[in-house]
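I opened this structure to make a few notes for a reader who has not seen it before. The entries follow the order in which I looked things up.

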Amino acid sequence: PVPTISWRRADGKQLPRKVRRHRSSGLLEIPNFQQEDAGPYECVAENVRGRNVARGQLTFYAQPSWTQRIGDVHAAIEERVSWECRASGRPKPSYRWLKDGEPLLPQGRVQLEQGSLTIPNVSLSDAGMYQCVAENRHGVIFTSAELSVIAIGPDFSKTLLKKLTLVKVGGEVIIECKPKASPRPTYSWKKGKDILRENER
């Protein structure tokens, strides 16, 4: 005869109240499937001649979703900068970091640990756009922030104003002055104590 069909969880837990059973078709419907609904299920079919059981495993997964993003930071030279990004997902997401679109590796002053990035002593070269990437096998998400490094004042430590000797009267002389500074500085020139003004020469 046509068997009767029933459903149960194989781990002994009760079926949630939201579950709908369609006895005529043997269908079990679980609306709004959540992590707690995952687990082993059994379909039991029986009539006067006997019974049979079919077993299956329902697995919950979710693509990453941000629970904590990173934001823009303005820092002075030698300050400590820390970012932390966090994402939910199933399986648990892994994290990686990019700077200006290029992979960032834990090296030198840059410390990376899961969703955390720390630069203990910021320098001008650290300025740029950073991205935290969270991913699992079901999706990839990005959160971005800009690090602006502000110098206390222009740094001339690596700039040399060389003494120049003219080989020929009337020759052209170019003196470059390129201090490291952030934000970009304004420039003025002096000859001795006199401020130089632009003229025909």
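**Pocket**

I began with the largest pocket and found 14 residues lining it, with Val173, Ile175, Leu196, Asn199 and Arg201 lying nearest its centre. I note here that the model is a predicted one. The volume I have for the largest pocket is about 700 Å³. I then sorted its lining by type and got six charged, five nonpolar and three polar residues.

**Cores**

I looked next for nonpolar cores. The largest one has 22 residues, and Trp66, Trp83, Trp97 and Leu147 have the most contacts inside it. I traced which strands feed this core: strand 8 (81-84), strand 10 (94-99), strand 13 (116-119), strand 14 (128-136) and strand 15 (139-150) each supply at least two of its residues. Strand 15 gives the most, with four residues. I also found a second core, separate from the largest one, with five residues, among them Leu15, Val19, Leu28 and Tyr41. As background I wrote down that nonpolar side chains tend to be buried together in soluble globular proteins.

**Open sheet**

I asked in what order the five strands of the open sheet stand. I read the order as 7-15-14-10-11, and the pairing is mixed. Strand 7 (73-76) and strand 11 (102-103) are the edges; each has a single partner strand, so one side of each lacks a neighbour in the sheet. At one end of that order, strand 10 pairs with strand 11 in the antiparallel sense over two bridges. I looked up one bridge there and found that lysine 99 has glutamate 102, in strand 11, as its partner.

**Strands 1, 4 and 5**

I moved to the strands with lower numbers. Strand 1 (residues 4-9) and strand 4 (residues 39-47) run antiparallel and are joined by six bridges. Threonine 4 is opposite glutamate 46 of strand 4. Strand 4 also pairs with strand 5 (residues 50-58), again antiparallel, over nine bridges. These two strands, 4 and 5, make a hairpin with two residues between them. Tyrosine 41 faces glycine 56 of strand 5, and I had already listed Tyr41 in the second core.

**Aspartate 126**

Last, I checked one charged residue in a loop. Is aspartate 126 buried or exposed? Its relative accessible area is 5%, which is under 20%, so I count aspartate 126 as buried. Aspartate 126 sits in the loop between strand 13 and strand 14. I looked for a partner and found that its side chain makes a polar contact of 2.9 Å with the side chain of arginine 109.

Conventions. Residues numbered from 1 in each chain as written. Predicted model: local features only at pLDDT ≥ 70, side-chain atom pairs only at ≥ 80, totals over all residues. Heavy atoms only, no water. Core = buried A, V, L, I, M, F, W, Y, C linked by side-chain atoms within 4.5 Å. Buried < 20%, exposed > 50% of the residue type's maximum accessible area, 1.4 Å probe, protein only. Pairing = 2+ DSSP bridges. 1 Å grid on protein atoms, 1.4 Å probe; cavity = no way out; pocket = protein on both sides within 12 Å on 5 of 7 lines; lining within 4 Å. Points joined across faces, edges and corners; volume = space filled by probe spheres on them. Nonpolar A, V, L, I, M, F, W, Y, C, P; charged D, E, K, R; others polar. Polar contact = N/O pair within 3.5 Å; in protein donor to acceptor, adjacent residues only side chain to side chain.
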